[in-house]
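Thanks for coming. I will go through one structure today, strands to begin with, then helices, then the packing.

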Amino acid sequence: MIIIAGLGNPGAKYQGNRHNIGFMAADAIADRWRFGPERAKFQSVIREGEVETAAGPVKVLLMKPQTYMNESGRAVGEAARFYKVPPANVIVFHDEIDLAPGRFRMKTGGGAAGQNGIRSMISQLGADFRRGRMGVGHPGEPSLVHGYVLADFHKAEQPWLDALLNACADALPFALAGDDERYQGEVMRLAPAPKYSPRQAARGE
């Protein structure tokens with residue numbers, strides 16, 4: 001079994017926030033692979049399903065922790081311990097301000113780089129889980145980061161956002177087969193990141 005966790009904050013207030021791109025990725029994956037209905041378990045909204053890979057079907061537990069971003073690890077850690085899933089079989093999708101909008105990187109291990117959801121995950125699982133880092137860009141000043149990630153995506157960002165979410169879902173069999181490099185490459189092939197100017201982002205263009 002693979003656990004896929006999308007990070008975000010629960011509730012309509014946060015639904016369209018940049019910080020909730022992990023929730024959006026989880027929804028795109030569940031829809032693309034026709035996972036079962038949503039239900040509550042492990043302090044999360046979960047959906048279960050199977051994804052066909054070159055090596056055969058892989059069972060997936062998809063999680064959207066309802067603990068709020070900063071406590072995401074409590075929910076995912078509970079599920080991982082219950083199913084005895086090692087960190088190498090946990091994939092976490094989250095927003096990444098150090099990547100330009102629409103960029104995507106897979107990474108295993110390392111620190112939290114200021115991302116509190118990832119910090120919580122490390123505290124529960126150790127560092128050796130896999131991260132799908134989804135670029136949302138940086139507002140330019142550290143003091144602006146909090147408001148930036150808790151603001152909704154601009155309408156002009158929707159085309160690259162939709163493309164990235166769909167690509168993460170369509171290319172998923174590569175990640176489930178353990179080939180993160182191929183997965184990253186395929187996501188970027190399907191959804192090339194737009195040319196990006198921080199000044200445009202600040203103006204909401």
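**Sheet, helices and cores**

Let me start with a single pair of residues: Ile-2 has Val-60 of E4 as its bridge partner. That pair belongs to the contact between strand E1, residues 2-6, and strand E4, residues 56-65, which run parallel and share 4 bridges. Bear in mind that this is a predicted model.

Now the whole sheet. It is open and has 7 strands, and reading across it the order is E2-E3-E4-E1-E5-E7-E6, with mixed pairing. At the edges sit strand E2, 39-41, and strand E6, 104-108, each of them paired on one side only. From one strand to the next, the twist averages 30°.

On to the helices. Helix H1, residues 21-32, lies across E1, E3, E4, E5 and E7, and its direction makes an angle of about 145° with E4. Helix H5, residues 158-170, lies across E5, E6 and E7, at about 160° to E7.

Which residues have the most contacts inside the largest nonpolar core? They are Ile-4, Phe-93, Phe-104 and Tyr-183, in a core of 40 residues. Two of these names come back if we take Tyr-183 and leave aside its neighbours within four places in sequence: Tyr-183 is in contact with Phe-93 and Phe-104, and also with Met-106, Cys-168, Ala-171, Leu-172, Phe-174 and Ala-175. There is also a second core, separate from that one, with 20 residues, including Leu-61, Ala-79, Val-90 and Met-121. As general background, nonpolar side chains in soluble globular proteins tend to be buried together.

That is what I have; questions are welcome.

Notes
Residues numbered from 1 in each chain as written. Predicted model: local features only at pLDDT ≥ 70, side-chain atom pairs only at ≥ 80, totals over all residues. Heavy atoms only, no water. Pairing = 2+ DSSP bridges. Helix = DSSP H or I, 4+ residues; strand = E, 2+ residues; numbered from the N terminus. Axes fitted to C-alpha atoms, helices over the stretch in contact; angles between N-to-C directions. Contact = heavy atoms within 4.5 Å. Core = buried A, V, L, I, M, F, W, Y, C linked by side-chain atoms within 4.5 Å. Buried < 20%, exposed > 50% of the residue type's maximum accessible area, 1.4 Å probe, protein only.
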